Amino acid sequence: MKATGKVFKYGDNVDTDVIIPARYLNLSEASQLAKYCMIDLDPTFVQRVAPGDIMVAGTNFGCGSSREHAPMAIKAAGISCVIAPTFARIFYRNAINMGLPILECAEAAAAVADGDTVEVDFETGAIVDRTTGKTFQALPFPPFIRKIMEADGLVGYIRSKGAGSHG
Amino acid sequence: MAMTMTQKILARHAGLDKVVPGQLIEASLDLVLGNDITTPPALDVFAATGVQKVFDKEKVVIVPDHFTPNKDIQSAEQAKKIRLFSRAQGLVNYYEQGEMEMGIEHVVLPENGLVAPGDVIIGADSHTCTYGALGAFATGVGSTDMACGMATGTAWFRVPSAIRFELVGKPSRWVTGKDVILYIIGKIGVDGALYKSMEFTGPGVAELSMEERLTMANMAIEAGGKNGIFPVDEKTLAYLEKYAPKRLTAGNFRITRADDDAEYEETHTIDLSKVPLILSFPHLPSNAKALGTFPEIAIDQVVIGSCTNGRISDMRVARSILKGRKVAKGVRCIVIPGSQKVYLQCVREGIAEDLVEAGAVFSAPTCGPCLGGHMGILASGERCVSTTNRNFVGRMGHVKSEVYLAGVPVAAASAVAGHIAGPDEIGAEGEA
């Protein structure tokens, strides 16, 4: 699976409060949340983003609140993938669990510029900056996490294991 | 290989003799928690799992505390959705506003005897790490993990490595666990413990009350930590005797000690006697500055409360500073007890009366202003000294508002002074 899109670039410690502020957390549908994605950091993001676009950020992306509304909003806004050197651990889990591709790659996060066109291969972790021609290699996921992603998230993984026996 | 406290607890819950950092395991859960914000999406995911009933109706706890009492129609609809689910599932530990067990989730779970040493707990709230104060492994997760935890009673974890904080000495007057954890976050940064455990050890632990330990473990997430954890000592057992007598007498808990030769990625020695009164400046909890090292900063609001500092000892300290004084003209001082039990105790001890006479707002328990929900939202340009846990851009309101994190003594003294101040500046005596 591959994605190609225009890059929206942000700094270090992008927290889930700016990704989706609490004043919108009385909503829980992804399409509703997407309307306010990044509003406190980049108020015009929603108007500018196109399906397939890519978010590139600094360290500790998604820190703070555990709200899964944050990866939900990013995914529903059309973002195909987030690239950062490190992710806050709850955001990391949430993104995997609900099927938002994320890639850890410090080199790409440093070199790719806002507005560049980037191509990402989720299978191999290869990242190509089409604007500059530079290539990067993201860290591969451990096999267990790949299994969850192949099952289209944690729910699919649990269903595949036949957890329905509690019913 | 020797194990840390966290690794031992995780190994036991995964049915393994040992685990190593980086290992992926599936662990059984003693408690699964959600609130009124994170539970609604979790219910959609739970439905998608195809599971009809939660794994244990006594071990799934839902606390509608963030936007309650319901702040608007949409919040009311979300609260209704989880209320109906909780009833249909027969959840034993679902609480409604006003019930004696109700309040802010991380205040009420220990208070209601639902947490004990050795437990593995996940909560769809990042401050679930609070329960590490009792020697449990507790960590925040999202709504999908909560849903799958409710369905299966298990969760996957990557076994964390650890950073050890060797606490020595005794805190100075007015310095609390809040100052200690803000100091530590200032030292290691907001991602200083990313993916790792923060294990607090050393003789200094005995100098910290259980409520201070709850405050410190609560903020492990603000250093990026997977969990924060304290060893179990006499104070822990006395706390259990008071709040979890059933589990204590039934022996339904497990004291875990780190191996003497357990490996830590780093060890920091923290001399508690050298920790000053700390404020974390906007807009990161790691922007820690010692009181007295910056020019006067005027304020508009003070918030005392939250899952970090909403316990009875916090209320008593607030009273010791505000009693007989007045909140400065032009400042709103909002005090929010963390639970109905804390609220009632404040009434019984006359704390409520003293705070109201001082000119403070005394509110029903809620997370409210901490996350910019309701009950104290800031306008553009306004500044607040708050005993809460985050000071991100827009956290308590307008993107151009500012939150300064502090302990209760500084927050209460600042309310009186009208600018950021310590208790000494306003002549507070307090308990020596």
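Let's start with chain A, where buried residues make up 61% of the 167 residues. Keep in mind that this is a predicted model. Chain A is built from 8 helices and 7 strands. Its radius of gyration is 16 Å, close to the 15 Å that the globule rule gives for 167 residues, so chain A is as compact as a globular protein of that length. If you drew a box around its C-alpha atoms along the principal axes, that box would come to roughly 55 × 40 × 25 Å.

What about the contacts inside this chain? Take those in chain A with a separation of 6 or more: 65% of them are between residues 24 or more positions apart. On the outside, chain A has an accessible surface of about 6,300 Å², and carbon and sulfur atoms account for 54% of that. As for charge, there are 16 positive and 18 negative side chains in chain A, with the centres of the two sets 5 Å apart.

Before leaving chain A, have a look at A:Asn13. You'll find it in the loop between β1 (2-9) and α1 (16-19). Most residues other than glycine have a negative phi. A:Asn13 isn't a glycine, yet its phi is positive, at about 55°. Is this residue buried or exposed? With a relative accessible area of 16%, A:Asn13 falls under the 20% cut-off, so it counts as buried.

Now bring in the partner. Where the two chains meet, 53 residues of chain B are in contact with 44 residues of chain A. Between them the chains bury about 4,000 Å², with 58% of that on carbon and sulfur atoms. Three residues of chain B are worth picking out here: B:Thr144, B:Trp156 and B:Tyr195 supply 17% of the area that chain B buries against chain A, more than any other three residues.

Moving into chain B itself, go to helix α14, residues 408-417. Here 9 of the 10 residues are buried, so the helix is largely enclosed by the rest of the structure. Among the buried ones are B:Val408, B:Pro409, B:Ser414 and B:Val416. And what do the buried residues of α14(B) pack against? Their neighbours in chain B are the strands β12 (278-280), β14 (301-305), β15 (332-336) and β17 (383-386), along with the helices α10 (306-309) and α11 (312-322). Just after α14(B) comes B:Gly418, which has a positive phi of about 85°.

The loops of chain B have their own points of interest. B:Phe253 sits in the one between α9 (245-250) and β11 (266-271), and it is partly exposed, at 24% relative accessible area. B:Phe253 is 137 residues from B:Ala116 in sequence, but their C-alpha atoms are 5.7 Å apart in space. Leaving out residues up to four places away in sequence, B:Phe253 touches B:Ala116, B:Pro117, B:Leu237, B:Arg247 and B:Leu248.

Finally, a few backbone details. Most peptide bonds are trans. The bond joining B:Thr68 and B:Pro69 is cis, though, with omega at about -10°, and B:Pro69 lies in the loop between β3 (60-63) and α3 (73-89). The bond from B:Pro282 to B:His283 is cis too, with omega near 0°; B:His283 belongs to the loop between β12 and β13 (288-290). In the loop between β16 (361-362) and β17 of chain B sits B:Met375, a residue other than glycine with a positive phi near 65°. B:Met375 counts as partly exposed, at 37% relative accessibility.

Conventions: Residues numbered from 1 in each chain as written. Chains lettered and ligands numbered in written order. Predicted model: local features only at pLDDT ≥ 70, side-chain atom pairs only at ≥ 80, totals over all residues. Heavy atoms only, no water. Buried < 20%, exposed > 50% of the residue type's maximum accessible area, 1.4 Å probe, protein only. Helix = DSSP H or I, 4+ residues; strand = E, 2+ residues; numbered from the N terminus. Contact = heavy atoms within 4.5 Å. Rg over C-alpha atoms; globule rule 2.2 N^0.38 Å. Areas by Shrake-Rupley, 256 points an atom, 1.4 Å probe, with all protein chains shown as cover. Lys, Arg positive; Asp, Glu negative; His and termini not counted. Charge placed at Lys NZ, Arg CZ, Asp CG, Glu CD. Buried area = accessible area lost by both parts, 1.4 Å probe.
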